[in-house]
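Colleague: Please take me through one part of this model up close. I'd like a stretch of surface, with the cut-offs spelled out as you go.

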Amino acid sequence: MSLTSRSMDSLTISNIPKGSNRLWVHFASLCFISFTGIYLLHKEYKTVLARRVQQLCNRRNKPSQLTVLVRQVPLCEEHKTFSCNVDHFFSKYHPHAYHSYQILYGGNHIEELPVAFMTFRSRWDAALASQTQQHPNPLLWITQMAPEPRDVLWKNLSVPYKHLIVYRFAILIAEIIFSIFFAIPVSAVQGISQYEKLKKWFPPAIAVQLIPSLRSVITGYLPSVVLSGFLYVVPFVMKGTAGLAGYVSISEQEQKASNMVFYFLMANVFFMSVLSGSLLDQIGKTVVNPRDVPSRLAGAVSARADFFMTYVLSSGLAGFCIEILQPALFAWDTLKLHTWARGKKKSNYLSSYPYHRIIPFVSLFVVIGIVYAVIAPLLPPFLVVYFLLGYVVYIRQLHDVYETTYETCGQYWPHIHHHIVIAIIIMQITMIGFFGLKSKPAASIATIPLLVVTVAYNEYCKIRFLPTFYKCSVQDAKDSDEIDKDGASDALCASEIEAYRPPLRQPCVTIEDSTSTQPLLLATS
């Protein structure tokens, strides 16, 4: 064992003798961290929810408040058009609420698409229409609140709704395959960090001992740097993959990409890095007893504390430098100026905030910090420094570098909440196994109710808080309407629907005998 590993091991609870009563102190610490985390999560969830409702109220005059997106519009049998059916259906079943509509056209500017934006006379009417089933066949007249105009992915509106389940299943398979193939370089990186095994597999590695301090650099710092380099491309791959899922808004697409990146990091960075040391010793075994999972996880987690400390330092320092300098953006801009964009006027490029690239990595570090809070108390202070630096860097980036392309209104908080709950659960399962390894079965048994409470709390949050982040309550909609005592005027409704026009549109023909304004053209890209 290296000097670094021995020194790190001395600062973990691995050096506590088996059966020691000092383990109850760590059990108390586990309870304190778990209940404090649940309390803070609950408090933040309530505050985020109140802020979201207030922010939506403050934005009550935005186009998305009165507009509903309708998909899978049936074809009118008499006139063979979708627009005729839209006007007839909503005039009949929403006679006092419906104001006007916009039908979408395909790239040929002639063929209508079974998609329309509907404007209603009040927010209450729009909320009711968007959250109720319009037809006995749930695959017809599918409604949802329209995303704000700048958030709409126009090209995806032409994707048939029935194809979405196929696309998303294919994306899930592609994500799994990508994760499996990515496990190869991650395993190689972990092999570098385990010098004793590396000498057996690759005898020339013994030469590393001839150069002073080289071994500590190769087995300590190099694996973290190589892993960070491999992971740099993952968010871009996942965002491109999520773009094929047919989401109708940028926010939905980036939330999907963010979740994909997080679970990828959990599988290929956390679990592969943690379990590689124990798995490499059991390559010939094909059957693993499920009851041994907590103890295996506990032993592996405590053994990899030094790797994660190095990873946090190297990834944090390098990541923040890359974020400030933006080398990839600079290289891309330089390439354009010297190739296909040569001679063109240079534009001031502003990108949207990369939620899919930042939130998953921050969540991963939160998981590492919580899991190691009891096992290796020296690791969390490094993470505190990481988060403080990150706060300074990203506040500056948000103010000076990135532009706001859409308002999230707290939509990412449920995902972050779920990530933190996962971290608490992993910590508790790890400690169940660890107390078992330390011959303290009473502490292991006492931890099980703690695990049950955490899981139950997570399920409670899904019922109590989560629906409000995806639906607009009729009470909030009605309260917003009552603030505007006179209600929405015809001019306001007309301006609302006018906002839902694709960029770079071209002239089109107005639908005859319709209460709608000029129909939309779907921009092609």
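**The nonpolar patch on helix 5**

Modeller: Let's start with F169, which counts as exposed because its relative accessibility is 53% (buried is under 20% relative accessible area, exposed over 50%, partly exposed in between, with a 1.4 Å probe and protein chains only). Bear in mind that this is a predicted model, where local features need pLDDT of at least 70, side-chain atom pairs count only at pLDDT 80 or more, and totals for chains, interfaces and linings use all residues. Residues are numbered from 1 along each chain as its sequence is written, and side-chain values use heavy atoms, with hydrogens and water left out.

F169 sits in helix 5 (helices are DSSP runs of H or I, at least four residues, numbered from the N terminus). That helix covers residues 164-193, and F181 lies in it too. F181 is another exposed one, since its relative accessibility comes to 57%.

Both phenylalanines belong to a nonpolar surface patch, where they're joined by L172, I173, I176, I177, I180 and I184. Together, the patch residues make about 800 Å² of surface. (To join such a patch, a residue needs over 30% relative accessible area and no salt bridge, and nonpolar side chains are linked within 5 Å; a salt bridge is a side-chain nitrogen of Lys or Arg within 4 Å of a carboxyl oxygen of Asp or Glu. Areas are Shrake-Rupley, 1.4 Å probe.)

Back to F169 for one last detail, this time with A245. In sequence the pair is 76 residues apart, while in space the C-alpha to C-alpha distance is 8.9 Å. So if you're looking at the patch on screen, F169 and F181 are two exposed members of it, at 53% and 57% relative accessibility.

Note on methods: Patches are made of residues with over 30% relative accessible area and no salt bridge: like charges are joined within 9 Å, nonpolar side chains (Val, Leu, Ile, Met, Phe, Trp, Tyr) within 5 Å. Helices (H or I, at least four residues) and strands (E, at least two) are DSSP runs, numbered from the N terminus.
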